Amino acid sequence: VVVGTGGYVSLPTCLAAKLCGVPLVIQEQNAYPGVANRILAKMASLVCVAFSRAAAAFRMEPLSHDGTLGTPGGTPARGGACVVRGNPIRAPLRWTERRDARRTLSWMFYRKGCAETPSISASDRVLVVFGGSMGCETLNDAMSDAVVGMLERDPRLWVVWQTGRGGYERVRSKVSSHPRLAVRSFINDVEHCYNAADLCVARAGAVTCSELLACGLPSVLIPSPVVTEDHQSFNAKEMADLGAAVEIRDRDLSTRDPKRCVEPGEPAPRRAVRLEYVIGELLYDPEVLAGMREACLEAATPEAAEEIANDVVSVALAARRRGRGRFAFSR
């Protein structure tokens, strides 16, 4: 069996496998599939999607999640099938406890010469901001104008901010140091950030969305406008429809326009919005945050890696039993 996960490299590889009689499994991470996966899905034995919206884009009806395909030896429907599985996520996200995460995160706020390590209490509020690995200039600029004021107004607020490697120097030149602000160009151990946080501001990459759901973390999502086929907008729309996130379009993000009210599960209005106001409307409303957390956990698929692996084994075993194709004959 060959597994294709999209991208231009996968298309010729998977086509060659199909010509050799090897069954295909397609795994689509985004809420809207790319060209390669849309082509390959027509000849795949099984399509695993992360979001139900992707199944509609494939014009396929997802099978009920009854465990049949998720058990090694199960037989997928003839002519291909589609199942909603979610995206595989890193294992530490699933077992990092909130208390331990906050204790570990406190070290990010340590300054040389401090008498003791800062401590984030259970009643404090933690905001994490992820601008992507290379940096999101729009998001970084909006946060640069807002973050110090937010920290001064709320003595129980802690902010962890990944600027991206391309935005770090620009942010450090604009934002003054603060004992409850940790600015990093890149953060490897995001499980501590996610599990310690009350709210996350981030781009809407496929894996990011799946990790937010698994951690039950409400979010403000700002889709990147420069990704292929605008797939991050589809991801953010799916998250907003679930009630797990608020979407703000990159072009609408501003630091100057007046306050606008944004409800969970609704995209931001079609005009400029101030990021700090959207954050405030969510972060200081425990009832809203609780509802968003519940929506996240209801949609989460923490066992996606195991289920997809079992699906792949099922397709391989079914192909072997049938002895189909030149590949099976050559063995």
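A residue is counted as buried when its relative accessible area is under 20%. By this criterion, 50% of the 331 residues of the chain are buried in the predicted model. The chain comprises 14 helices and twelve strands. Among contacts with a separation of 6 or more, 61% involve residues 24 or more positions apart.

Two open sheets are described here. Strands of a sheet pair through backbone hydrogen bonds, either parallel or antiparallel. One sheet consists of four strands in the order β1-β2-β3-β4, with parallel pairing. Its edges are formed by β1 (2-4) and β4 (81-84); each has a single partner strand, so one side of each is left without a neighbour in the sheet. From one strand to the next, the twist in this sheet averages 20 degrees. The pairing of β1 with β2 (residues 24-28) is parallel and extends over three bridges. Within this pair, Val3 has Val25 of β2 as its bridge partner.

The other open sheet contains six strands, arranged in the order β7-β6-β5-β8-β9-β10, again with parallel pairing. The edge positions are taken by β7 (181-184) and β10 (245-247), each of which has a single partner strand, so that one side of each lacks a neighbour in the sheet. The twist here averages 15 degrees from one strand to the next.

Within the six-strand sheet, β8 (residues 199-202) is placed between β5 and β9 in the strand order. Strand β5 (residues 125-130) and β8 run parallel and are joined by four bridges. In this pairing, the bridge partner of Leu127 is Leu199 of β8, and Val128 stands opposite Cys200. On the other flank, β8 and β9 also run parallel, joined by three bridges, and Val201 stands opposite Val220 of β9. In a regular strand the side chains alternate between the two faces of the sheet. In β8, Leu199 and Val201 point one way, whereas Cys200 and Ala202 point the other way. All four of these residues are buried, and each therefore falls under the 20% cut-off for relative accessible area.

The surroundings of β8 can be followed further through Ser219, a residue of strand β9. Ser219 is buried, with a relative accessible area of 0%. When residues up to four places away in sequence are not counted, Ser219 touches Leu199, Cys200, Leu212, Met239, Ala244, Ala245, Val246 and Met292. Ala196, located in helix α8, likewise has a relative accessible area of 0% and is buried. Leaving aside neighbours within four places in sequence, Ala196 is in contact with Arg98, Ala101, Arg102, Leu105 and Val126. Ala196 and Val126 are 70 residues apart along the chain, yet their C-alpha atoms are separated by 6.9 Å.

Empty space in the model was also examined. Rolling a probe the size of a water molecule over the atoms shows where empty space is left. The largest pocket holds about 320 Å³ of space. Its lining is made up of 17 residues, of which Gly132, Ser133, Gln162, Tyr194 and Thr208 lie nearest the centre of the pocket. By class, the lining has seven nonpolar, seven polar and three charged residues. Helices α8 (190-196) and α9 (206-215) each supply at least two lining residues. The most is given by α9, which contributes three residues to the lining.

Backbone geometry is notable at two consecutive positions, Glu229 and Asp230. Most residues other than glycine have a negative phi, and most peptide bonds are trans. Glu229, although not a glycine, has a positive phi of about 55 degrees. Asp230 also has a positive phi, near 55 degrees. Glu229 is found in the loop between β9 (219-221) and α10 (231-242), and Asp230 lies in this loop as well. Glu229 is partly exposed, with a relative accessible area of 31%, and Asp230 is partly exposed, with a value of 33%.

How values were computed
Residues are numbered from 1 along each chain as its sequence is written. This is a predicted model: local features need pLDDT of at least 70, side-chain atom pairs count only at pLDDT 80 or more; totals for chains, interfaces and linings use all residues. Side-chain values use heavy atoms; hydrogens and water are left out. On a 1 Å grid over the protein atoms alone, a cavity is a set of points where a 1.4 Å probe fits but cannot get out, and a pocket is an open set with protein on both sides within 12 Å along at least five of seven lines; lining residues have an atom within 4 Å of a point. Grid points are joined across faces, edges and corners, and a volume is the space filled by probe spheres set on the points. Ala, Val, Leu, Ile, Met, Phe, Trp, Tyr, Cys and Pro count as nonpolar, Asp, Glu, Lys and Arg as charged, and the others, Gly among them, as polar. Two strands pair if DSSP finds at least two bridges between them. Axes are lines fitted to C-alpha atoms, for helices over the stretch in contact, and angles run from 0 to 180 degrees between N-to-C directions. Buried means under 20% relative accessible area, exposed over 50%, partly exposed in between (1.4 Å probe, protein chains only). Contact means heavy atoms within 4.5 Å.
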